[in-house]
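Please open the model in your viewer and follow along. Each stop says what to select and what is there.

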Amino acid sequence: MDSAWDKLKGHQEQRDLFSRSLANRRLSHAYVLAGQDGIGKSRFGRLLAQSLFCRNSPPESLDACGECRACRSFDAGSWPDYIEVGLPPGKNEIPIAAIAGSAEKRGREGLCFELSMTPQASERRIAIINDAHRMNAEGANALLKTLEEPPAQALILLISDSPDSLLPTIRSRCQVVRFFPLSTEDTIQILLNEEMTDSEQEARTVAEVCNGSITSAQQLLNPELRELRNTLERGLIKLEKLNPIETSREITNAIEKMSSGTDEQRQNTQWMLRFLGDLLNQQLRKLTQGDLADPLHKRFGVRSGADLVADLLDRVLTASFQIDANSPVKLVLETLFDDLARMMRIGPTSAR
Ligand SMILES: [Zn+2]
């Protein structure tokens, strides 16, 4: 039998864990699938749900044929016993209506209500909440009530890259299953299989810097973002001669040009800051590997040079917090590059 799980790369340990729970008939009512963004947690959750619905796979086995009526209907998004909610596009909060129903129908629709209903086509009702840490207090409290007295036939999967941000009372009622970044080889396979690139060379280059996240890989493969990275590298090529006004103007322009709104501008700015962090980390590696030609090595030696890069990285992190807190992109970048140039001139904090 072909398996729908063939689509999944990695996460064997987690598959084994659920296989064992199913075989022993000890599946819990609620799990948090926790781990970095873009590594396949939602996909894993959907496969788990599909396996429980599949008509060709025994209830105690973690498998799905991909062909029976249940599997096909699940793939088409029309299986009646399955509910999936998450962030609406461009929003950073899961609407309360999705969890507990609209104001007029509070408690009579939404995820918690649907979970309480008798399954229509199978033995279970299964719900996935993507980015579960993005529920607001009201949504979280509604879910908590369901978790306190879970309907017998319900299975709830909370997907989160920030499980510590979940209400502790929610977390304590779920079994937390940790997921880890994809290996470079698995990442390459996914990028090629899903035709995100047709060049094996490019797939490898991206896989080596995306930290095992397909979301990051996808962003890195975006031509505009690639161009932004090049612009940044050009601006920083002589870190010690960084021209803050010119660099921040060039980067700000590039970000404005590639973004259609302020939300996208913020997101692309965060990417740029991540690239900047990568570049500084590369610099740090060269320095500690004793690259004598490295300008920081020449000026400060290894120890102070490394301290300086740590200071610069700290400053980049601050900029990232400012963007998260809705500070204007242009202003954040101007002060950032200005500070970086000044820090380069006067050396590490520890030397002052
Ligand atoms: Zn099936």
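The tour goes from the whole chain to its domains and then to one helix pair.

**Whole chain.** This is a predicted model. Show the C-alpha trace first. Along its principal axes it spans about 70 × 45 × 35 Å. Switch to cartoon: the secondary structure comes to 15 helices and 5 strands. Colour by burial next. Of the 352 residues, 36% count as buried. Now turn to contacts with a separation of 6 or more: residues 24 or more positions apart account for 67% of them.

**Domains.** Select residues 4–178 for domain 1, then 222–351 for domain 2, as the domain assignment gives them. Put a marker at the centre of each, taken over C-alpha atoms: 40 Å separate the two.

**Helix pair.** Select helix 14, residues 295–324, and helix 15, residues 329–346. How do their axes cross? They come within 10 Å and cross at roughly 170°. Angles over 145 degrees count as roughly antiparallel, and helix 14 and helix 15 are therefore roughly antiparallel to each other.

**Their contact.** Show side chains on both helices.

- On helix 14, pick Leu-308, Asp-311, Leu-312, Arg-315, Ala-319, Gln-322 and Ile-323.
- On helix 15, pick Val-329, Val-332, Leu-336, Asp-339, Leu-340 and Met-343.

These residues make the contact between the helices. Colour them by class to finish: the contact has 9 nonpolar, 1 polar and 3 charged residues. Gln-322 of helix 14 is among the residues in this contact, and so are Asp-311 of helix 14 and Asp-339 of helix 15.

How values were computed. Residues numbered from 1 in each chain as written. Predicted model: local features only at pLDDT ≥ 70, side-chain atom pairs only at ≥ 80, totals over all residues. Axes fitted to C-alpha atoms, helices over the stretch in contact; angles between N-to-C directions. Helix = DSSP H or I, 4+ residues; strand = E, 2+ residues; numbered from the N terminus. Parallel < 35°, antiparallel > 145°, perpendicular 65-115°, else oblique. Contact = placed C-beta atoms within 7 Å. Nonpolar A, V, L, I, M, F, W, Y, C, P; charged D, E, K, R; others polar. Domains from an automatic or database assignment. Buried ≥ 20, exposed ≤ 12 C-beta atoms within 10 Å, placed from the backbone.
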